Amino acid sequence: MKLVCTQNDLSTNLSLVSRAVPSRPTHPVLANVKLEANKKTQLVSLTAFDLSLGIQTSFPAQVEEEGYLTLPAKLLNDIVSRLAEGEITLEDKGEEGTSEGIIATLTSASGRYKVRGMTAEEFPELPVIENGEAAQLPAAALIDGLRGSLFATSPDETKQVLTGIHLTVKPEYLEFAATDGHRLSVVETTNQGQTDEEPSEAISQAAPLEVTIPARALRELERILGMRQSAEAIALHLDQGQVVFELADQRLTSRTLEGQYPAYRQLIPQQFERQVTIDRRQLLNALERIAVLADQKNNIVKFTIDTTNQQIALSVEAQDVGSGRESLPAQISGKDLEIAFNITYLRDGLKALQSSEIQMQMNTGNSPVILTPLGGLKMTYLVMPVQIRA
């Protein structure tokens with residue numbers, strides 16, 4: 001194999017696929033990235049796969065001799081990222097079974113590096129879904145949905161389905177739901193990526209497509225979409241236990257999460273005794289300031305809702321450290337209330353809501369509180385209050 005490409009193209013695509021390289025590979029070849037050069041298309045394809053998450057990308061290059069091999073992902077990325085901008089020539093010498101094995105040589109204007117590789121025959125193929133039609137999803141809708149829900153997934157691997165996002169695809173909209181057991185984020189985005197043709201049976205109104213996908217895979221999808229900044233649709237292929245997202249020159253595969261996702265719609269109250277409308281940025285800034293006094297043992301902020309003066313007071317009491325209090329104007333309906341929240345959960349939600357004003361709806365100090373943006377993204381954020389100690 002011999003090819004000539006730019007340092008920027010090789011470095012950018014290596015960084016992208018390397019995120020699917022396992023930190024503790026179960027087989028030596030999984031620590032490598034697979035390179036494949038195609039003389040006919042003049043494209044170089046890079047693939048990384050940890051047997052759960054797989055990322056494949058391709059970019060144009062001058063392919064003189066086609067072929068494929070695998071090289072250590074971290075070492076190759078470290079070398080290429082430090083090379084000067086300009087053209088890089090990559091070629092391999094040696095054959096499996098010889099004393100040398102596979103040796104790849106990288107030549108740039110400033111130097112020459114040799115990297116020992118492995119045969120690509122041992123590298124596992126990415127899953128391919130051949131049956132069924134693909135759902136075409138708008139890139140903008142995916143980005144909005146992921147940004148508004150990924151933060152609420154659980155980092156605890158023992159919680160299985162809660163470590164992912166439950167995605168529902170209907171002809172009219174996409175719905176993203178994420179919960180870690182203490183909070184819930186539900187985002188609905190318009191599905192304007194469908195063509196004028198009749199929707200496939202898989203995504204008809206009677207039988208919407210539903211799947212729970214690991215947050216790790218979706219964070220990488222969000223990163224890919226953010227880098228492209230393209231309005232093109234993404235093809236979603238789904239088969240039992242596997243999901244594939246396909247773009248023009250990139251592909252992300254992931255296993256799906258098994259198990260019944262919680263009936264999250266039933267958790268959202270339909271009626272409220274109290275309603276607060278407040279400036280989101282002012283509330284977030286006040287929360288950031290007062291959070292300085294909180295600690296991990298007492299990461300709690302108390303809200304005192306004052307209907308008479310139409311204001312909310314935020315207060316933190318930190319033993320052996322001090323206390324803080326901030327007051328903010330708000331439009332309040334209902335009775336006075338004292339209620340407390342985990343600062344991290346509340347702050348995460350305020351950052352994701354992305355509107356100038358938000359609405360907080362609540363009943364008692366121990367029942368779920370709903371935050372929604374006034375305008376913009378259609379998002380519902382539920383957060384459970386913390387019991388206030390007497």
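**Exercise 1. In which strand is valine 211 found, and is valine 211 buried or exposed?**

Solution. A quick note before we start: the model is predicted.

Step 1: Find the residue. Valine 211 sits in strand β14, which covers residues 209-214.

Step 2: Check the accessibility. Buried means under 20% relative accessible area. Valine 211 has 7% relative accessibility, so it counts as buried.

Step 3: List the partners. Not counting residues up to four places away in sequence, valine 211 touches Ile165, His166, Leu167, Leu238 and Thr256.

Step 4: Look along the chain. Tyrosine 261 is 50 residues apart from valine 211, yet their C-alpha atoms are separated by 9.2 Å.

**Exercise 2. Put together a quick profile of the whole protein.**

Solution.

Step 1: Count the elements. You should get six helices and 26 strands.

Step 2: Get the dimensions. The C-alpha trace spans about 80 × 55 × 35 Å along its principal axes.

Step 3: Work out the burial. Of the 390 residues, 51% are buried.

Step 4: Sort the contacts by sequence separation. Take those between residues at least 6 apart in sequence, and 66% of them join residues at least 24 apart.

**Exercise 3. Which members of the largest nonpolar core touch the most other members?**

Solution.

Step 1: Start with the background. In soluble globular proteins, nonpolar side chains tend to be buried together.

Step 2: Pick out the hubs. The largest nonpolar core has 99 residues, and those touching the most other members are Phe245, Val301, Phe303, Leu314, Met360 and Leu371.

Step 3: Don't stop there. Apart from this core lies another, of 11 residues, including Leu162, Leu184, Tyr261 and Ile268.

Step 4: Zoom in on one hub. Leaving aside neighbours within four places in sequence, leucine 314 contacts Leu283, Ala286, Leu287, Ile290, Val301, Lys302, Phe303, Gly324, Arg325, Glu326 and Leu328.

**Exercise 4. At what angle do helix α5 and helix α6 pack, and which residues of each meet?**

Solution.

Step 1: Set up the geometry. Helix α5 runs over residues 280-290 and helix α6 over residues 343-353; they pack at an angle of about 150 degrees, with axes 10 Å apart.

Step 2: Classify the angle. Angles over 145 degrees count as roughly antiparallel. The two helices, α5 and α6, are therefore roughly antiparallel to each other.

Step 3: Assign the handedness. The crossing of α5 past α6 is left-handed.

Step 4: Name the residues. From α5 come Arg280, Leu283, Leu284, Leu287 and Glu288, which meet Ile343, Leu346, Arg347, Leu350, Lys351 and Leu353 of α6. By class, this contact has seven nonpolar, no polar and four charged residues.

**Exercise 5. Do the same for helix α1 and helix α2.**

Solution.

Step 1: Geometry again. Helix α1 (residues 7-17) packs on helix α2 (residues 73-82) at about 145 degrees, with the axes 9 Å apart. Here α1 passes α2 in a left-handed crossing.

Step 2: Collect the contact residues. On the α1 side they are Gln7, Leu10, Ser11, Leu14 and Ser15, and on the α2 side Leu76, Asn77, Val80 and Ser81.

Step 3: Sort them by class. The contact of α1 with α2 has four nonpolar, five polar and no charged residues.

**Exercise 6. Which residues of α3 are buried, and what covers them?**

Solution.

Step 1: Pull out the buried set. In α3 these are Ala139, Ala141, Leu142, Ile143, Gly145 and Leu146.

Step 2: Find the cover. It includes β10 (135-138), β11, β12 (173-179), β13 (183-190), α4 (215-228) and β15 (233-239).

**Exercise 7. Track down two residues with positive phi, leucine 51 and glutamine 160.**

Solution.

Step 1: Take leucine 51. Its phi is positive, about 80 degrees, although it is not a glycine. Leucine 51 belongs to the loop between β3 (43-49) and β4 (53-60).

Step 2: Take glutamine 160. Its phi is about 50 degrees, also positive, although it is not a glycine. Glutamine 160 is in the loop between α3 (139-147) and β11 (164-169).

Step 3: Check glutamine 160 for burial. Exposed means over 50%. With 53% relative accessibility, glutamine 160 counts as exposed.

Notes: Residues are numbered from 1 along each chain as its sequence is written. This is a predicted model: local features need pLDDT of at least 70, side-chain atom pairs count only at pLDDT 80 or more; totals for chains, interfaces and linings use all residues. Side-chain values use heavy atoms; hydrogens and water are left out. A nonpolar core is a set of buried Ala, Val, Leu, Ile, Met, Phe, Trp, Tyr and Cys residues joined through side-chain atoms within 4.5 Å. Buried means under 20% relative accessible area, exposed over 50%, partly exposed in between (1.4 Å probe, protein chains only). Contact means heavy atoms within 4.5 Å. Axes are lines fitted to C-alpha atoms, for helices over the stretch in contact, and angles run from 0 to 180 degrees between N-to-C directions. Helices (H or I, at least four residues) and strands (E, at least two) are DSSP runs, numbered from the N terminus. Angles under 35 degrees count as roughly parallel, over 145 as roughly antiparallel, 65 to 115 as roughly perpendicular and the rest as oblique. A crossing is left-handed if the near helix is turned anticlockwise from the far one by less than a right angle, and right-handed if clockwise. Ala, Val, Leu, Ile, Met, Phe, Trp, Tyr, Cys and Pro count as nonpolar, Asp, Glu, Lys and Arg as charged, and the others, Gly among them, as polar.
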